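Biologist: I am new to this structure and would like a close look at a single part of it. Please take one residue and work outward from there.

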Amino acid sequence: MIDEAATDFEAVHAARPDGTWAAPGRVNLIGEHTDYNDGFVLPIALPHTTRVSARRRTDGRLRLYSAQGDGTITDLALEALAPGAVASWASYPAGVFWALAEAGHPVGGADLFVDSDVPTGAGLSSSAALECATAAALNDLYELGLTASELALIAQRAENAFVGVPCGVMDQMASACCTDGTALFLDTRTLEQRHVPLDLTAAGLRLLVIDTRVKHDLGDGAYAALRAGCERAAGLLGLPALRDLPSADLAPALDRLPGELRPLVRHVVTENGRVLETIDHLGRGELTALGPVLTAGHASLRDDFRVSCPETDLAVEAAVAAGALGARMTGGGFGGSVVALVGAADLAAVSEAVRSAFRSAGFAAPVTFTAVPSAGARRVA
Ligand code: GAF
């Protein structure tokens, strides 16, 4: 695969790459819409990656090519990069160059060849994978010496300010910092991380990912509106962020808020609690106890935060009815994917039950796969 990447690069850029870097997509186990509220998240990296083969250029140009694109090279001048100036997939890698330069890092031009098996628009962080693979490539090519967390922050800055999506930091931190066999328990305020061992296979469990194939787009305004609602609520409560509202104070705090903000606050506070509960269970090796926590998280996203959709709701219901220990939508919502915790022996039955429920409802067939906690961004050649 690695030789192939160099050959593909050469076919487009007429030279050998200096190297190839890979960064994964992610699924979040629990802790949704908590990251931009300074809260807790618990993602794992997927085995699916975006690979970036890259070569330095000395003329300050960026020449970007994607195997999943339209067969053309996007050719940009580094000094002309500005927020909103680049459309399409190329805005993600271009945004990383821009964010590095803006932060004062001595980054020059490059040729890039991008190839990916992270499903796009599926809530599995294909954008973060592209940003983090690009950031890892430039970090090595230009010997910037940045840590994985610093690269994640550059990637988030690219997405926020250059692409224009007001995402939190979870996806970039997961793609940059996750390690094989562990979930990433991240405090998104301090960026303190704990790599929590998660051997589902040894426990006779599987993590089934169900891509509903309902495409979600974080740039369409709904995500920004939710974030703004959470920030407004924190402001009204006199708190720096909803993270600072202890669950014991939730009920009186809700009384002080306008009706439309109450469910948002309830979700964020209870969801942070569910992350901590999950960490407790993992610490005690009680993996099957995670199931009901996941399903409760889904109910909160469906009823309070209102970011689920008929397809994610049906996937969760059908999976649980067929014997999954628990299930929830993962990622930003409005479509995308569901994760279900399933006993190994029930995996086929649960997958088939979801497929059959989708058929009966007239929904497009979902794509399913099992995920194991995988490695974050790294050089692969
Ligand atoms: C998307 C965002 F990019 C993340 O930052 C996070 O807010 C997530 O939605 C919801 O938890 O993936």
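Which residues does Ala 54 touch, not counting residues up to four places away in sequence?

Modeller: Keep in mind that this is a predicted model. Leaving out residues up to four places away in sequence, Ala 54 touches Pro 17, Asp 18, Gly 19, Ala 110, Asp 111, Leu 112, Ala 137 and Leu 141. Ala 54 counts as buried because 25 other C-beta atoms lie within 10 Å, and the cut-off for buried is 20 or more. As a marker of distance, Val 350 is 296 residues from Ala 54 in sequence and 42 Å from it in space, C-alpha to C-alpha.

Next comes the strand. Ala 54 lies in strand S3, which covers residues 43-57 and runs antiparallel to strand S1 (residues 19-28), with 9 bridges joining the two. Within that pairing, Trp 21 has Val 52 in S3 as its bridge partner.

S3 and S1 belong to an open sheet of 6 strands in the order S5-S4-S6-S3-S1-S13, with mixed pairing. At its edges are S5 and strand S13 (378-379), each of which pairs on one side only. On the S5 side, strand S4 (residues 61-66) pairs with S5 in the antiparallel sense over 4 bridges. Leu 64 has Thr 74 as its bridge partner in S5. Strand S5 (residues 74-77) has two faces: Thr 74 and Leu 76 make up the covered one, while Asp 75 and Ala 77 make up the uncovered one.

A helix also meets this sheet. H5 lies across S1 and S3, and its direction is at about 130° to S1.

H5 leads to a second sheet, which is open and has 3 strands in the order S2-S7-S8, with antiparallel pairing. Strand S2 (40-41) and strand S8 (193-197) are at the edges with a single partner strand each, so one side of each has no neighbour in the sheet. S2 is joined by 2 bridges to strand S7 (residues 182-187), and these strands run antiparallel. Here Val 41 is opposite Leu 186 in S7. Helix H5 (residues 170-177) packs on this sheet, touching S2, S7 and S8, and its direction makes about 135° with that of S7.

Two of the residues around the ligand, Met 170 and Asp 171, have numbers within the range of H5, residues 170-177. The others around the ligand are Glu 32, His 33, Asp 35, Tyr 36, Cys 167, Gly 168, Leu 218, Gly 331 and Gly 332. By type, this shell divides into 4 nonpolar, 4 polar and 3 charged residues.

The interior can be described through the nonpolar core. In soluble globular proteins, nonpolar side chains tend to be buried together. The largest nonpolar core in this model has 120 residues, and those with the most contacts inside it are Cys 132, Ala 133, Leu 151, Ala 319 and Ala 340. Helix H3 (residues 126-141) supplies the largest share of this core, 9 residues. Ala 133 touches Trp 21, Ala 22, Ala 23, Thr 50, Arg 51, Val 52 and Ala 377, again not counting residues up to four places away in sequence. Trp 21 and Val 52 are thus among the residues that Ala 133 touches, and they are the bridge partners already named for S1 and S3.

Definitions and conventions:
Residues are numbered from 1 along each chain as its sequence is written. This is a predicted model: local features need pLDDT of at least 70, side-chain atom pairs count only at pLDDT 80 or more; totals for chains, interfaces and linings use all residues. Two strands pair if DSSP finds at least two bridges between them. Two residues are in contact if their C-beta atoms, placed from the backbone, lie within 7 Å. Axes are lines fitted to C-alpha atoms, for helices over the stretch in contact, and angles run from 0 to 180 degrees between N-to-C directions. A residue is near a molecule or strand if its C-beta atom, placed from the backbone, lies within 6 Å of it. Ala, Val, Leu, Ile, Met, Phe, Trp, Tyr, Cys and Pro count as nonpolar, Asp, Glu, Lys and Arg as charged, and the others, Gly among them, as polar. A nonpolar core is a set of buried Ala, Val, Leu, Ile, Met, Phe, Trp, Tyr and Cys residues joined through C-beta atoms within 7 Å. A residue is buried if 20 or more other C-beta atoms lie within 10 Å of its own, exposed if 12 or fewer, and partly exposed in between; C-beta atoms are placed from the backbone.
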